[in-house]
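Open the model in your viewer and keep the selection tool handy. We will go stop by stop, with a word on what to select and what you will find there.

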Amino acid sequence: MENGAAPTAKPVIVAIDGPSGTGKSSTSKAVAAQLGLSYLDTGAQYRAITWWMVTNGIDLEDPTAIAAVAGKPEIVSGTDPAAPTITVDGVDVAGPIRTQEVTSKVSAVSAVPEVRTRITELQRSLAAGAEQGIVVEGRDIGTTVLPDADLKIFLTASPEARAARRSGELKGADLHTTREALIKRDAADSSRKTSPLAKADDAVEVDTTELTLAQVIECVVTLVEEKRAGK
Ligand SMILES: Nc1ncnc2c1ncn2[C@@H]1O[C@H](COP(=O)(O)OP(=O)(O)OP(=O)(O)O)[C@@H](O)[C@H]1O
Ligand SMILES: Nc1ccn([C@H]2C[C@H](O)[C@@H](COP(=O)(O)O)O2)c(=O)n1
């Protein structure tokens, strides 16, 4: 190098999409931490705006009512993979956005185009500001939010494996009920008109059904490293 400075790696943008319980959050966080990248959980942003709507008594059966207030809450995501944060109007909502009530309503709110436009702007701005690069996980990252991402991954797993993982988290939750709820949410997320859950044509599909989390992380780290090496 002319000035003697070490060459700096170009920021890398990684998009990880897939249905619920395929391991997007666990994988993305670990890959980002291992590679020194930022991390963005876009589902948390949709959950945060849903939490705000529930808290403020917005009629979630009425897309026009949702659209009218979509610009009101200020949503801030912290992108350190070791300690990701999410606030709404300065309130830490990391816990409240994981309640059953929010989970059951988030698909309806996230289907409203004005909500998606708002949240997509936030996501693009965070990705553009990530100095080392970022791992962004969600449903439409490779197709809509960051179509020029350096690497796109689409995680899948059987409904049975996903339900077993979720039941393990929700101590004692009934496997059948959990499986049905996952399938219902996936159907809603895949069938909405605006940027549905979908695999980008140029995404690498990884079926995690028979893989441990450690194996999935290793697989994605290798794919990012190969991409960075120009392979
Ligand atoms: N390959 C795997 N094998 C076993 N368990 C896994 C695997 N990947 C993830 N898990 C576990 O499954 C659960 C769900 O994973 P995670 O939250 O990462 O999925 P997700 O795709 O982000 O789900 P959602 O979209 O609903 O947020 C977690 O408890 C996680 O530890
Ligand atoms: N890019 C995204 C991310 C999430 N959503 C919606 C659809 C999901 O059911 C919901 C919650 O996501 P999770 O926390 O389970 O990852 O948010 C979306 O529409 N687009």
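Start by selecting S195, in the loop that runs between α8 (175-191) and β8 (204-207). This is a predicted model, so treat every value on the tour as computed from it. Check the backbone torsions here: S195 is not a glycine, yet its phi is positive, at about 35°. Most residues other than glycine have a negative phi. Is S195 buried or exposed? Its relative accessibility is 13%, so S195 counts as buried, the cut-off for that class being under 20%.

Next, select D89, in the loop between β4 (85-88) and β5 (91-92). Here too phi is positive in a residue other than glycine, with a value near 50°. The surroundings are described by another class: D89 has 43% relative accessibility and therefore counts as partly exposed.

**Ligand 2**

Now pick ligand 2 and show the residues around it. There are 16 of them, and R47, R116, D140, R185 and D189 come nearest. Which side chains should you label for polar contacts with ligand 2? Try these three:

- D140: a side-chain N or O atom lies 2.8 Å from a nitrogen atom of the ligand.
- R185: a side-chain N or O atom lies 2.8 Å from an oxygen atom of the ligand.
- D189: a side-chain N or O atom lies 2.7 Å from an oxygen atom of the ligand.

Switch on a surface for the next point: ligand 2 exposes 440 Å² when taken alone, and the protein buries 97% of that area. Colour by secondary structure and you can trace the shell to α2 (42-55), α4 (100-110) and α8, the elements that each give two or more residues. The largest share comes from α2, with four residues. Colour by residue class instead, and the shell divides into eight charged, five polar and three nonpolar residues.

**Ligand 1**

Move on to ligand 1, which has 18 residues around it. The closest are K24, S25, S26, R166 and E169. Zoom in on the contacts to its oxygen atoms. A polar side-chain atom of K24 is 2.7 Å from one oxygen atom of ligand 1. For the next two, display the backbone: an N or O atom of the G21 main chain sits 2.9 Å from a ligand oxygen, and T22 likewise offers a backbone N or O atom, at 3.2 Å.

How much of ligand 1 does the protein bury? Taken alone, ligand 1 exposes 640 Å², and 80% of that is buried by the protein. The elements to highlight are α1 (24-35), α7 (159-169) and α9 (213-228), which each supply two or more residues to the shell. By class, that shell holds eight polar, six charged and four nonpolar residues.

**The whole chain**

Finally, zoom out and show the cartoon, where you can count nine helices and eight strands. The radius of gyration is 18 Å, close to the 17 Å from the globule rule for 231 residues, so the chain is as compact as a globular protein of that length. Draw a box along the principal axes, and the C-alpha atoms fill roughly 60 × 40 × 30 Å.

Two surface views round off the tour. Colour by burial, and 45% of the 231 residues count as buried. Colour the accessible surface by atom type, and carbon and sulfur atoms make up 54% of about 11400 Å². For a last look, turn on a contact map: among contacts with a separation of 6 or more, 76% join residues 24 or more positions apart.

Conventions
Residues are numbered from 1 along each chain as its sequence is written. Chains are lettered from A and ligands numbered from 1 in the order in which they are written. This is a predicted model: local features need pLDDT of at least 70, side-chain atom pairs count only at pLDDT 80 or more; totals for chains, interfaces and linings use all residues. Side-chain values use heavy atoms; hydrogens and water are left out. A residue is near a molecule or strand if one of its heavy atoms lies within 4 Å of it. A polar contact is a pair of N or O atoms within 3.5 Å; within protein, one must be able to donate a hydrogen and the other to accept it, and residues adjacent in sequence count only if both atoms are side-chain atoms. Accessible areas come from the Shrake-Rupley method with a 1.4 Å probe; for residues, only the protein chains shown count as cover. Ala, Val, Leu, Ile, Met, Phe, Trp, Tyr, Cys and Pro count as nonpolar, Asp, Glu, Lys and Arg as charged, and the others, Gly among them, as polar. The radius of gyration is taken over C-alpha atoms; the globule rule is 2.2 Å times the number of residues to the power 0.38. Buried means under 20% relative accessible area, exposed over 50%, partly exposed in between (1.4 Å probe, protein chains only). Contact means heavy atoms within 4.5 Å.
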